[in-house]
Amino acid sequence: MRILTSYVSRVVLIFIFFSAVSLAKAAAPPSGRLIVTRVANFGWNLSANLKIDGQTVGNIVQGRRYDHRIPAGPHVLTVSVVPNVQSSQPTSITLNVRPGGTYFFTALWDSDHVYLRPTTLSPAETAKLAL
């Protein structure tokens with residue numbers, strides 16, 4: 001009898017766990033994926049500060065990238081250089097994220113300012129990013 005009670009308890013716990021996971025996925029707001037890299041010649045001692053809707057989400061340093069899901073809808077992406085020794089102004093771009101979409105941008109340093117350029121990747125480059 002004790003073995004049967006233990007078995008039933010485990011089955012009920014597994015059912016509750018899978019139900020909770022299903023509800024969490026169903027309740028998750030629709031989102032898209034944002035990937036921002038920086039060019040190799042950006043500067044070894046500089047990073048690209050990325051803000052989404054005015055909130056800093058990270059500094060992209062040499063050899064790294066920003067790769068996260070963001071909610072669907074319109075967003076303002078702002079990029080600036082850190083440290084900002086030349087007092088350059090940040091630049092912004094508007095992005096309308098669609099559910100399930102993936103958006104690639106590259107942070108570029110040109111003259112006295114940094115900006116984001118939408119990037120199209122070949123299938124081989126996409127495979128390297130493990131999408």
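Analyst: A nonpolar core is a set of buried Ala, Val, Leu, Ile, Met, Phe, Trp, Tyr and Cys residues joined through side-chain atoms within 4.5 Å. The model discussed here is predicted.

User: Which strand supplies the largest share of the largest nonpolar core?

Analyst: The largest core holds 22 residues, and Leu-34, Val-36, Phe-42, Tyr-66, Leu-95, Phe-105 and Leu-116 touch the most other members. S1, S2 (47–52), S4, S5 (73–82), S6 (91–97), S7 and S8 each give at least two residues to this core. The largest share is 4 residues, and its source is S7.

User: Which strands stand at the edges of the sheet that has mixed pairing?

Analyst: This open sheet has 4 strands in the order S4-S1-S7-S8. Its twist averages 25° from one strand to the next. An edge strand has a single partner, so one side of it is left without a neighbour in the sheet. That applies to S4 (66–71) and S8 (113–118).

User: Which residue in S7 stands opposite Leu-34?

Analyst: Strands of a sheet pair through backbone hydrogen bonds, either parallel or antiparallel. Here S1 (residues 31–38) and S7 (residues 102–110) pair in the parallel sense, over 6 bridges. Opposite Leu-34 stands Tyr-103.

User: Which strands stand at the edges of the antiparallel sheet?

Analyst: The antiparallel sheet is open, with 4 strands in the order S3-S2-S5-S6. The twist from one strand to the next averages 25°. Two strands have a single partner each, so each has one side without a neighbour in the sheet. They are S3 (55–60) and S6.

User: Which residue in S5 stands opposite Ala-48?

Analyst: S2 and S5 pair over 6 bridges, in the antiparallel sense. Phe-42 touches both residues of the pair asked about, Ala-48 and Val-81. Among its other contacts beyond four places in sequence are Ser-47, Ala-107 and Trp-109. Opposite Ala-48 in S5 is Val-81.

User: Is Thr-78 buried or exposed?

Analyst: Thr-78 lies in S5. Its relative accessible area is 15%. The cut-off for burial is under 20%, so Thr-78 counts as buried.

User: Which residue's side chain makes a polar contact with the side chain of Thr-78?

Analyst: Leaving out residues up to four places away in sequence, Thr-78 touches Asn-49, Leu-50, Lys-51, Pro-90, Thr-91 and Ser-92. A polar contact of 2.8 Å joins the Thr-78 side chain to that of one of these residues. The partner is Ser-92.

Conventions: Residues numbered from 1 in each chain as written. Predicted model: local features only at pLDDT ≥ 70, side-chain atom pairs only at ≥ 80, totals over all residues. Heavy atoms only, no water. Pairing = 2+ DSSP bridges. Axes fitted to C-alpha atoms, helices over the stretch in contact; angles between N-to-C directions. Buried < 20%, exposed > 50% of the residue type's maximum accessible area, 1.4 Å probe, protein only. Contact = heavy atoms within 4.5 Å. Polar contact = N/O pair within 3.5 Å; in protein donor to acceptor, adjacent residues only side chain to side chain.
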